[in-house]
Amino acid sequence: FECRGIRKYIFYPIYKILYGIWENHIVRNSPLTLVAGSALYDKYNGNEHPIYQIVQLIDLPSTYLFDRGDTCNSEPIQCLFVGELAPRKGVEYLIEATHQLTRENYKIKLNIVGSGELENELKDLTKELGIEAYVKFYGYVKHGPDLFRVYRDSDIFILPTFSEGFPRVLYEAMSQSMPI
């Protein structure tokens, strides 16, 4: 709610009072309350109805944020995929694209983080195409400093998925100043 000038001094106090009444009425008369964050939990805890603090799906501490200006400045360009190695992810197409790019003398390397039902098949495809030197399989890397180190050591994030909208890995890659 944004007001300027004299309206700010007239309407904002009215808004604040009405919002407080509305907010307390909703919380007081709800069978339960879901809140995001400890401040709201502390504010409403103690009401006669249960209150639950939900876990945020994307919770990246500021220590994980990384500002960089060096992406794609050296060779080979480090491309990164992070996710489950399953058919819906399209990783086989990414490996085939890596093969095509290396045949056209592009200096790239593909880093694959994850495990899944296609892991052995994808490794076999890499060998079949003769690009083992250009593809590195990390396996599963736990979320945290080790995973973010892999993001920071890469230049471009690629997600060739068939079925996702805006998954967590895109947020993570953006938090490391990577083009996605």
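These exercises with worked solutions concern a predicted model of a protein chain.

**Exercise 1. The fold in outline**

State how many helices and strands the protein chain has, and give their order.

Solution. The protein chain has six helices and six strands. Read from the N terminus, the elements follow the order α-β-α-β-β-α-β-α-β-α-β-α. As for burial, 35% of the 180 residues count as buried.

**Exercise 2. An aromatic pair between two elements**

Classify the ring pair of Tyr93 and Phe162, and say which parts of the chain the pair ties together.

Solution. Step one is the geometry: a pair of aromatic rings is described by the distance of the centres and the angle of the planes. For Tyr93 and Phe162 the centres are 5.8 Å apart and the planes stand at 85°. Planes over 60 degrees apart count as edge-to-face, and the pair of Tyr93 and Phe162 is edge-to-face.

Step two is the location. Tyr93 belongs to helix α3 (residues 91–103), while Phe162 sits in the loop between β6 (156–157) and α6 (168–175), so the pair links parts that are 69 residues apart in sequence.

Step three is the exposure. Tyr93 has a relative accessible area of 46% and is partly exposed. Phe162, at 55%, is exposed.

**Exercise 3. An aromatic pair within one helix**

Classify the ring pair of Phe148 and Tyr151, and decide whether these residues are buried or exposed.

Solution. The centres of the Phe148 and Tyr151 rings are 5.6 Å apart, with 35° between the planes, and the pair is tilted. Both residues lie in helix α5 (residues 145–152); they are three residues apart, so about one helical turn separates them. Phe148 and Tyr151 are both buried. Together with Phe157 they form one aromatic cluster.

**Exercise 4. A charged patch**

Name the residues of the negative surface patch, and place Glu121 in the chain.

Solution. The patch consists of Glu117, Glu121, Asp124 and Glu128. Glu121 is part of helix α4 (residues 119–129). With a relative accessible area of 53%, Glu121 is exposed.

**Exercise 5. Backbone exceptions**

Describe the backbone at Pro76, Asn105 and Ser177.

Solution. Begin with the background: most residues other than glycine have a negative phi, and most peptide bonds are trans.

- The peptide bond from Glu75 to Pro76 is cis, with omega near 0°. Pro76 lies in the loop between β2 (51–54) and β3 (77–82).
- Asn105, not a glycine, has a positive phi of about 65°. Asn105 is in the loop between α3 and β4 (108–113) and is exposed, at 62%.
- Ser177 has a positive phi near 60°. Ser177 is in the segment after α6 and is partly exposed, at 26%.

Conventions: Residues numbered from 1 in each chain as written. Predicted model: local features only at pLDDT ≥ 70, side-chain atom pairs only at ≥ 80, totals over all residues. Heavy atoms only, no water. Phe/Tyr/Trp six-rings, centres within 6.5 Å; stacked < 30°, edge-to-face > 60°. Helix = DSSP H or I, 4+ residues; strand = E, 2+ residues; numbered from the N terminus. Buried < 20%, exposed > 50% of the residue type's maximum accessible area, 1.4 Å probe, protein only. Patch = residues over 30% accessible without salt bridge, like charges linked within 9 Å, V, L, I, M, F, W, Y side chains within 5 Å. Areas by Shrake-Rupley, 256 points an atom, 1.4 Å probe, with all protein chains shown as cover. Salt bridge = Lys/Arg side-chain N within 4 Å of Asp/Glu carboxyl O. Lys, Arg positive; Asp, Glu negative; His and termini not counted. Charge placed at Lys NZ, Arg CZ, Asp CG, Glu CD.
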